[in-house]
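Please explain how this protein chain is built, beginning with the chain as a whole and then moving through the sheet to individual residues.

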Amino acid sequence: MNKYKINEIFETIQGEGQYTGTASIFVRLQGCPVGCSWCDTKQTWEQLESDKQSLSNIIIKTSDSPTWCDADESIIYNTFVEQGYRAKHVVITGGEPCMFDLNPLCNLLHSKGYTTQIETSGTFEIQAPDQTWVTVSPKINMKGGYPVLASCMLRANEIKHPIARQTHVEELEQLLIEAPVKPNTLIYLQPISQKTSATELAIETCKEKNWRLSVQVHKYIGIS
């Protein structure tokens with residue numbers, strides 16, 4: 001059994017990328033050294049023992065906090081059942097979920113009839129089954145100094161790149177030259193913080209390059 005550090009488990013609607021609109025269970029893992037300045041889950045960065053709590057306390061969270069608990073794959077699955085979650089798509093996010101070996105968790109969930117998706121920065125090797133959908137949101141030149149791995153880009157089913165200005169587009173263009181993706185990989189641009197200028201830039205770039213737009217639907221409709 002693998003131990004995963006869990007910041008949150010909750011049921012909602014996926015608001016980004018290819019699975020936008022899909023009923024989903026989110027498993028948010030604790031820990032991320034990448035250091036993105038615009039990160040909206042900074043509470044997941046540290047893995048402090050002083051923040052460790054019971055699973056029962058984690059499940060009832062109603063606001064962001066750095067508290068976390070240990071849980072193996074069986075406990076996570078049993079939590080879905082006990083909470084009465086109906087969604088059959090599971091999004092493993094963070095933090096940086098690829099700091100963990102996700103094979104045991106994904107394999108168990110697949111055996112129980114779930115589909116799985118990972119949201120990763122592409123800075124840690126991806127340890128997950130082939131049938132797991134991998135969303136790489138490449139974090140380029142971030143404070144933590146971790147490079148985006150070519151192996152992660154090649155494994156990606158979709159690239160989802162946050163942008164606010166033209167230099168972010170250029171960074172992605174250069175990364176795609178240095179670390180190519182598969183021909184059928186979907187490429188999304190996602191405006192940072194729903195800013196008007198970022199949204200306009202994303203729309204124009206998507207039209208120019210025949211890429212796709214991801215607009216964080218959950219933030220527009222006011223759900224987690």
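Accessible areas are obtained here by the Shrake-Rupley method with a 1.4 Å probe. On that basis, the protein chain of this predicted model has an accessible surface of about 10,400 Å², and carbon and sulfur atoms account for 50% of it.

The overall dimensions come next. Along the principal axes, the C-alpha atoms of the protein chain fill a box of roughly 50 × 35 × 30 Å. A compact globule of 224 residues would have a radius of gyration near 17 Å, and the value of 17 Å for the protein chain agrees with this. Of the 224 residues, 53% are buried. Among contacts with a separation of 6 or more, 64% join residues that lie 24 or more positions apart. As for charge, the chain carries 20 positive and 25 negative charges, and the mean positions of the two sets are 3 Å apart.

The secondary structure consists of seven helices and nine strands. An open sheet of nine strands, with mixed pairing, follows the order β3-β1-β2-β4-β5-β6-β7-β8-β9. Strands β3 (69-71) and β9 (212-213) stand at its edges; each has a single partner strand, so one side of each is left without a neighbour in the sheet.

Part of this sheet can be followed strand by strand. Strand β4 (residues 89-93) pairs with strand β5 (residues 115-120) in the parallel sense over four bridges, and I92 stands opposite I118 of β5. Strands β5 and β6 also run parallel and are joined by four bridges; here E119 has T135 of β6 as its bridge partner. Between β6 and strand β7 (residues 158-163) there are two bridges, again in a parallel arrangement, with V136 opposite I159 of β7.

Strand β6 (residues 133-136) is covered on both faces. W133 and T135 lie on one side, V134 and V136 on the other, and all four are buried.

The helices supply part of the packing around the strands. In helix α3 (residues 103-111), the buried residues are L105, C106, L108, L109 and H110. Their cover includes β1 (4-13), α2 (73-83), β4 and β5. Just after α3, G113 adopts a positive phi of about 95 degrees.

What surrounds I76, a residue of helix α2? Leaving aside neighbours within four places in sequence, I76 is in contact with Y4, I6, I9, V27, A71 and L105. L105 is itself one of the buried residues of α3. The relative accessible area of I76 is 1%, and because buried means under 20%, I76 counts as buried. By contrast with these contacts, the C-alpha atoms of I76 and E49, 27 residues apart along the chain, are separated by 20 Å.

Several loops hold backbone features that deserve attention. The peptide bond from G94 to G95 is cis, with omega near 10 degrees, and G95 lies in the loop between β4 and α3. In the loop between β6 and α4 (150-155) is N141, whose phi is near 55 degrees, a positive value in a residue other than glycine. N210, in the loop between α6 (196-209) and β9, likewise is not a glycine and has a positive phi of about 60 degrees. Are these two asparagines buried or exposed? N141 has 68% relative accessibility and counts as exposed, and N210, with a relative accessible area of 71%, is exposed as well.

Technical notes. Residues are numbered from 1 along each chain as its sequence is written. This is a predicted model: local features need pLDDT of at least 70, side-chain atom pairs count only at pLDDT 80 or more; totals for chains, interfaces and linings use all residues. Side-chain values use heavy atoms; hydrogens and water are left out. The radius of gyration is taken over C-alpha atoms; the globule rule is 2.2 Å times the number of residues to the power 0.38. Buried means under 20% relative accessible area, exposed over 50%, partly exposed in between (1.4 Å probe, protein chains only). Contact means heavy atoms within 4.5 Å. Lys and Arg count as positive and Asp and Glu as negative; His and the chain ends are not counted. The place of a charge is taken as NZ of Lys, CZ of Arg, CG of Asp or CD of Glu. Two strands pair if DSSP finds at least two bridges between them.
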